[in-house]
Amino acid sequence: MSASPDPGTVYPVGLRLAGRRVVVVGGGQVAHRRVAGLLEARAQVTVVSPELTPALEALVAPGSVTWHPRRWVSGDLAGAWYAVAATDDPAVNAAVAAEAERDRVFCARADDRGASSVWTPAVGRQGDLVIGVHGGGDPQRAIGVRDAVLTGLTDGSIADRASRTPSVAAGSVVLVGGGPGDPGLVTVRGRQAVATADVVVADHLAPQGLLASLPADVLVIDASKLPRGRSMAQEQINELLVSHALAGRRVVRLKGGDPFVFGRGYEELEACAAAGVPVEVVPGVTSAIAVPGLAGVPVTHRGMTHEFVVVSGHVPPGHPASLVDWAALGRLRGTVVVLMGVDTASAISAALVEHGRAPETPVAVVSDGATPAQRTLRTTLAGLGKTIADEGVRPPAVWVVGDVVGLSAPGEPA
């Protein structure tokens, strides 16, 4: 392998490859990673290789990548602005690099940095911001620094205030699904929105750790709705979102789970739209799937269930306000996930049994999911009400009905 040149001789530059031909020689995992980055830059990518990874092959059919299913031959770089030599044959890579040097085409050689005319940095993107890091010849060092910078930009510990041009007319609202409660389970886009907010209107089920990292000048408004307790009216929440946005502020509505899964997010979107306020929706990981999963309960399992249903249990069967067809749910063989169903658990389990579900059907109750206080109780439909009462289960809790509850994670007792 050639000796690496002094890393200080690297000249960092951003290549604008949109619409320009780039040739990647090789069809393995390294080639796939390079192609992914080139497609982000909207380059016209041609891959030369007898075989491709499945992921690369999947890019050929829709026309994202042009594939020549053969070995590289001299002349394949004609018209290219940039080349990548990423085969598992050093002789082929050397030939590609030599032709690129002759034709004055910059070439990244995956197997020999010292023989490359260009070094590929560790690249990260956040919106229109592109971070590229050269690690002085150490790729892992570059990756570590890149990841640290991206993490800082995402959680707000590295401020990018210059990118935020305040609106002089109307501001905007971002409806962020905060996931089941653990700040680590918030989407990257959700973290970005929170980190750049002027106003955060937050539920008690939203990941509270995100709020602790906000700058002191960010206004945090408590919009919690405690079960059968203190609660901010939805109309007041809507008004807060609209009024702060119209004052030119960037507003984030931070909710637990997903905004559109029993989160009243669409009501907030409608209120903003009616007032002419732009709205962005950032989906979240719904607790209906995440909380059982964290407790080792999959909502589906091959050969066991072909469906799962998520239902709100905030009103019991027979209540005039209930929109749930409990008779239909009782006839199902698959998984039923109940949210907001602690106080109504006895009535719901009785209705499911009445309409055909076996009393001995396994049930898992997971309270305070995705928090240090998470607790899982296993029972049956017939014993659900007593278990919840005896164990003092309080919201928030998710309970799951079905044979999947009988599964055990590796190393966990059934």
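Two strands are said to pair if DSSP finds at least two bridges between them, and this is the sense in which pairing is used for the sheet of this predicted model. With that in hand, one can begin at a single bridge: R21 has Q44 as its bridge partner in β2, and V23 is matched in β2 with T46. These partners belong to a parallel pairing of β1, residues 21-25, with β2, residues 44-48, which extends over five bridges. In general, the strands of a sheet pair through backbone hydrogen bonds, and they may do so in a parallel or an antiparallel way.

From this pair the view can be widened to the whole sheet, which is open and consists of five strands in the order β3-β2-β1-β4-β5, with parallel pairing. Its edges are formed by β3 (65-68) and β5 (106-109), each of which pairs on one side only, and from one strand to the next the twist averages 20 degrees. Helix α3, which covers residues 90-102, packs on this sheet and touches β1, β4 (82-85) and β5, while its direction makes about 165 degrees with that of β5. As for β1, four of its five residues are buried, so this strand is largely enclosed by the rest of the structure.

Charged side chains also lie over aromatic rings in this model. R20 is placed over the face of W81, at 4.4 Å from the ring centre, and the charged end of R113 sits over the ring of W119, 4.0 Å from the centre of that ring.

The division of the protein into domains gives a frame for these details: domain 1 spans 21-120, domain 2 spans 122-160, domain 3 spans 172-282 and domain 4 spans 288-406. Between the centres of domain 1 and domain 3, taken over C-alpha atoms, the separation is 45 Å.

The remaining feature concerns contacts between aromatic rings, where a pair is described by the distance of the centres and the angle of the planes. The count of aromatic pairs comes to one. It is formed by F260 and Y266, whose ring centres lie 5.7 Å apart and whose planes stand at 65 degrees, so the pair is edge-to-face, given that planes over 60 degrees apart are counted in that class. Are these two rings buried or exposed? F260 counts as partly exposed because its relative accessibility is 41%, and Y266, with a relative accessible area of 48%, is likewise partly exposed.

Notes
Residues are numbered from 1 along each chain as its sequence is written. This is a predicted model: local features need pLDDT of at least 70, side-chain atom pairs count only at pLDDT 80 or more; totals for chains, interfaces and linings use all residues. Side-chain values use heavy atoms; hydrogens and water are left out. Domain bounds come from an automatic or database domain assignment. Rings of Phe, Tyr and Trp (its six-membered ring) pair if their centres lie within 6.5 Å; planes under 30 degrees apart count as stacked, over 60 as edge-to-face and the rest as tilted. Buried means under 20% relative accessible area, exposed over 50%, partly exposed in between (1.4 Å probe, protein chains only). A charge sits over a ring if NZ of Lys or CZ of Arg is within 6 Å of the ring centre and within 35 degrees of the ring normal. Helices (H or I, at least four residues) and strands (E, at least two) are DSSP runs, numbered from the N terminus. Axes are lines fitted to C-alpha atoms, for helices over the stretch in contact, and angles run from 0 to 180 degrees between N-to-C directions. Contact means heavy atoms within 4.5 Å.
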